[in-house]
Amino acid sequence: MNDLVKDWSSDVSTFKIRWSKAMMWIFLISDTFIFGTFLISYMAIRLTVVDSWPDTSQVFALHVGGTDVPLLLIAIMTFILISSSGTMAIAVNAANKKDKRKTGIFMLLTVLGGIAFVSMQAFEWTKLIVDEGIRPWGNDFGAQQFGSFFFMITGFHGLHVLIGVIYLSIVSKRVLAGRYDGIDDYQIVEVAGLYWHFVDLVWVFIFAFFYLW
Amino acid sequence: MQDAELNQTFYEGQTIHHPKSWLTKYVFSQDHKTVAIQYFSLSLLTGVVGVILSMVMRLQLGFPGLFDISPDTYYQSITMHGMIMVIYLLTAILLGGFGNFLIPLMLGARDMAFPFVNMMSVHFYALSVILLFASYLVPGGPTGAGWTLYPPQVLLPGTPGYDWGIVMMILSVAVFIIAFTMGGLNYVTTVLQSRARGMTLMRMPLVIWCIFLATVIGLLAFPALLVAGIMLLLDRLIGSSFFMPDIFQFGQHVTNVFGTEYEGGSPLLFQHLFWFFGHPEVYIVALPMFGIVSELISCHARKNIFGYKMMVWALIAITAVSFIVWAHHMFVAGMNPVLGFFFATTTLIIAIPTAIKVYNWVLTLWKADIHMTVPMYYAVGFIFTFIIGGLGGLFLGNVSVDVELSDTYFVVGHFHVVMGISPILALCGGVHHWFPLITGRTMNNFLGKIHFWGTFAGAYLIYIPMHYLGLGGVLRRYYDFKGLAYVSDSLHDMNVFITLASIVVGLIQFLFLFNIVWSYFKGKKVEKNPWKATTLEWQTTTMPPGHGNWPNKLPTVHRGPYDYSVPGASEDYIPQNVPLEAETEGGSSHE
Ligand code: HEM
Ligand SMILES: [Cu+2]
């Protein structure tokens with residue numbers, strides 16, 4: 001314990017990492033508190049409302065081939081997002097080996113995953129709003145907070161994905177254009193990767209607490 | 001090469017580009033010192049508005065009806081005053097102003113880690129101030145729900161600004177949070193990752209520790225306010241019922257913008273979220289002022305801070321515990337009494353590290369070579385004031401006492417002593433202390449002393465009577481007390497007295513602003529390091545330090561921050577960047 005304190009409080013830098021990476025970590029911790037507060041508020045309200053909470057497997061079902069398949073769409077979305085974390089990891093790995101082309105390509109694949117996720121979310125929202133008639137101020141399935149929490153939390157997360165898509169596109173374009181040759185050992189890719197993994201991780205929690213509970 | 005070393009060499013070898021045009025030098029400057037001065041000026045100007053608003057309220061309370069102040073104006077003034085003082089003045093000036101100015105200089109860095117983000121931070125801050133004042137222009141004016149913005153009241157017709165004022169307020173606060181986050185990421189990264197060689201964490205001046213921890217608190221506490229704000233905004237704009245319960249007004253079920261009924265929301269949830277931010281916010285303000293006072297006391301009493309390590313651990317303890325006391329603001333809100341027990345306990349526990357700090361200040365002064373300079377006046381005044389405020393807090397922290405005192409003027413007195421007057425004293429002391437570093441001139445001592453005595457004595461004339469009013473049962477946030485039988489004539493007279501005192505104290509604050517402006521042009525020019533201080537910010541080659549702070553090489557640190565009156569040394573101070581061998585034999589260095 002004493003040695004740990006000594007190491008951390010040594011001079012120049014506490015963590016032996018780049019500034020940008022340190023900043024991204026600190027930002028993500030702060031952002032964790034935002035999502036955490038959203039989810040805790042959601043749980044608190046869900047436990048205290050008088051009306052019954054809608055049956056999520058029914059609301060989020062997709063009508064395929066004559067039967068309702070619960071959670072089908074969301075399973076695909078989750079799968080895509082998790083896979084995009086995989087492609088991002090490959091990109092970071094390639095960046096460490098200074099393989100410019102591979103890094104760029106796998107980052108673009110990640111971007112595609114992100115775009116697919118957001119589009120499917122747009123589809124899901126349209127379905128819920130237009131077909132099921134779910135509104136922030138009420139719905140036919142149960143407690144009215146269901147709709148507002150759903151749109152707020154998934155919307156806020158979707159916004160993060162969207163920002164990530166833009167962020168990653170810019171970085172990947174710069175990587176491919178050779179902008180980081182020489183000045184930097186592609187750490188910036190790793191920093192972008194941190195953000196992307198974070199967004200995916202948050203989704204796992206949203207998925208668990210919103211769709212499965 | 002180690003990454004960290006890479007940072008350092010990259011940083012040292014850099015040729016610094018100095019901005020040439022007026023615009024990049026003064027408006028879009030990325031120099032942390034200019035950013036700091038922008039923060040200082042803007043927050044002080046905003047603070048002036050805050051003071052004027054408080055005069056409006058005091059006039060109404062002292063002389064009800066005489067000045068034609070409507071209830072709406074009164075409640076809007078309360079709200080704007082509270083928000084401005086807590087967030088746009090104190091948070092901004094202590095972290096944005098002092099933090100920006102001191103962190104790189106005291107740590108021996110060239111600038112913040114991300115100067116561009118830093119510049120954006122102050123511009124977003126400016127935008128948030130504009131949005132705040134723009135709420136006077138929207139239909140209905142600013143919101144009048146009090147700085148706590150409690151729903152359901154804040155959205156109910158009848159509350160001033162229930163329709164657009166609240167929207168502007170939330171937008172402004174959200175922009176402020178973005179500004180704070182950009183600044184805060186900078187402060188934390190800079191403190192952690194870009195200190196000079198030899199500047200270990202345990203050699204950092206206490207003020208840097210304090211600002212660092214306050215920023216950490218901010219980065220973890222502001223999210224709760226942001227989330228609460230977003231949810232409140234959605235309740236207002238898209239008709240959700242996060243915080244709005246089934247509520248009836250004049251026999252009508254209250255409806256949202258779409259005409260459907262609010263139902264099932266939890267106002268208590270808002271209070272939890274708000275105070276999860278609100279209490280730590282108190283420490284965002286308190287910690288930097290602790291830090292400033294530590295610097296002032298050590299430097300002007302020419303003595304090493306008593307128990308540096310203890311001070312640091314006390315700060316860390318306060319930081320941690322400040323996150324688990326929030327519900328002491330909600331003892332009467334209708335939460336489970338068991339929770340009240342828990343939060344009362346933690347609240348009283350946090351008084352321990354706070355008291356340790358106070359003892360250490362006093363012990364530092366004990367038998368020290370005290371120079372009664374103006375900053376020292378402020379520092380000592382601060383200790384007195386803060387002790388009084390803290391004692392009031394002990395009363396409020398006990399549930400059974402607080403149930404009586406909650407929402408009375410006792411609370412108003414309490415938080416103005418700890419969060420109104422104490423920070424002002426610390427802040428003015430800090431400005432006096434660091435003014436020569438910023439401008440190369442000293443501030444006028446005579447004006448400084450008048451301002452100090454006026455504020456210090458005035459604070460007691462205003463806030464001790466307020467405690468008394470509270471014990472008499474006078475409730476806060478009342479527009480007037482006509483026809484309330486239990487408010488006796490003597491209590492009314494006391495209100496008149498408080499109003500008169502606060503007008504004098506309010507006017508005296510302008511003396512301080514005048515002193516700043518006057519000294520900027522006419523103040524006595526001083527040599528480098530006029531206070532003979534040990535910390536790095538005074539050891540730059542030029543004073544005021546130029547762009548990039550350290551012209552050639554970054555300094556190397558060899559000792560702790562407070563080597564004052566070291567036995568055997570030729571002078572009564574040894575700057576942090578003087579190597580150990582250079583001092584005469586027998587001079588031991590405190591670590
Ligand atoms: C030993 C230290 C302290 C204790 C035990 C304490 C306790 C309390 C309690 C229990 C309340 C709630 C009263 C009520 O609403 O019924 C309160 C209010 C408040 N305190 Fe403290 N406090 C302490 C120090 C501080 C400090 C250091 C600050 C600021 C720098 C501060 C600022 C405030 C503010 C702003 C409020 C009022 C918020 C409002 O309701 O509008 N307190 N304090
Ligand atoms: Cu508190």
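This section describes the metal sites, the chain interface, the salt bridges and the backbone geometry of a predicted model.

The iron atom of ligand 1 has a single protein donor, the NE2 atom of His414(B), at 2.2 Å. His414(B) belongs to helix H13 of chain B, which covers residues 409-439. The copper ion (ligand 2) lies 4.7 Å from the iron atom of ligand 1, and its coordination involves three histidines, namely His279(B) through ND1 and His328(B) and His329(B) through NE2, at distances of 1.8 to 2.0 Å. Along the chain, the donors of the copper ion (ligand 2) follow the spacing H-x48-H-H. Distant parts of the chain are thereby linked, since His279(B) sits in helix H8 (residues 267-300) of chain B and His328(B) in the loop between helix H9 (308-321) and helix H10 (337-365) of chain B, the pair being 49 residues apart.

Both of these copper donors fall under the 20% cut-off for buried residues: His279(B) is buried with a relative accessible area of 6%, and His328(B) is buried with a relative accessible area of 15%. The side chain of His328(B) also makes a polar contact of 2.9 Å with the side chain of His329(B). When neighbours within four places in sequence are left aside, the residues in contact with His328(B) are His279(B), Phe343(B), Thr347(B) and Asp402(B).

Helix H6 of chain B, formed by residues 165-193, provides a check on helix geometry, because at 1.5 Å a residue its 29 residues should span 42 Å, and its end C-alpha atoms are indeed 42 Å apart. Of the 29 residues of H6(B), 26 are buried, so that this helix is largely enclosed by the rest of the structure.

The interface between chain B and chain A brings 51 residues of chain B into contact with 38 residues of chain A. The area buried between the two chains is about 3800 Å², of which carbon and sulfur atoms give 70%. Zero salt bridges are found by the rule across the interface of chain B and chain A, whereas 10 residue pairs in polar contact are counted between these chains, with both residues of each pair at pLDDT 80 or more. On the side of chain B that touches chain A, the elements that give two or more residues are helix H1 (3-13), H6, helix H7 (206-237) and H8 of chain B. Among these elements, H7(B) supplies the largest share of that side, with nine residues.

Over all chains, a search of the whole structure finds seven salt bridges. One of them joins the side chains of Asp31(B) and Lys33(B), with an N to O distance of 3.4 Å; Asp31(B) counts as buried at 8% relative accessibility, and Lys33(B) is likewise buried, with a relative accessible area of 7%. A further salt bridge is formed by Asp407(B) and Arg476(B), whose closest N and O atoms are 3.8 Å apart. Asp407(B) lies in the loop between helix H12 (399-405) and H13 of chain B, and Arg476(B) in the loop between helix H14 (445-471) and helix H15 (489-522) of chain B, so the pair ties together parts that are 69 residues apart in sequence. Asp407(B) is partly exposed, with a relative accessible area of 38%, while Arg476(B) counts as buried at 16% relative accessibility. The side chains of Lys482(B) and Asp480(B) also meet in a salt bridge, at 3.2 Å from N to O, and Lys482(B) is exposed, with a relative accessible area of 61%.

Most residues other than glycine have a negative phi, and most peptide bonds are trans. Against this background, a cis peptide bond joins Pro151(B) and Pro152(B), with omega about 0°, and Pro152(B) is placed in the loop between helix H5 (115-134) and H6 of chain B. Asp68(B), which is not glycine, has a positive phi near 60°; Asp68(B) occurs in the loop between helix H3 (32-62) and helix H4 (71-107) of chain B and is exposed, with a relative accessible area of 73%. A positive phi, near 45°, is also found for Ser565(B), a residue in the segment after H15 of chain B that counts as partly exposed at 34% relative accessibility.

Terms used:
Residues are numbered from 1 along each chain as its sequence is written. Chains are lettered from A and ligands numbered from 1 in the order in which they are written. Side-chain values use heavy atoms; hydrogens and water are left out. Donors are N, O and S atoms within 2.8 Å of the metal (3.2 Å for Na, K and Ca); water is not among the atoms, so sites may look incomplete. Helices (H or I, at least four residues) and strands (E, at least two) are DSSP runs, numbered from the N terminus. The expected span of a helix is 1.5 Å times one less than its number of residues. Buried means under 20% relative accessible area, exposed over 50%, partly exposed in between (1.4 Å probe, protein chains only). Contact means heavy atoms within 4.5 Å. Buried area is the accessible area (1.4 Å probe) that two parts lose on being put together, summed over both. A salt bridge is a side-chain nitrogen of Lys or Arg within 4 Å of a carboxyl oxygen of Asp or Glu. A polar contact is a pair of N or O atoms within 3.5 Å; within protein, one must be able to donate a hydrogen and the other to accept it, and residues adjacent in sequence count only if both atoms are side-chain atoms.
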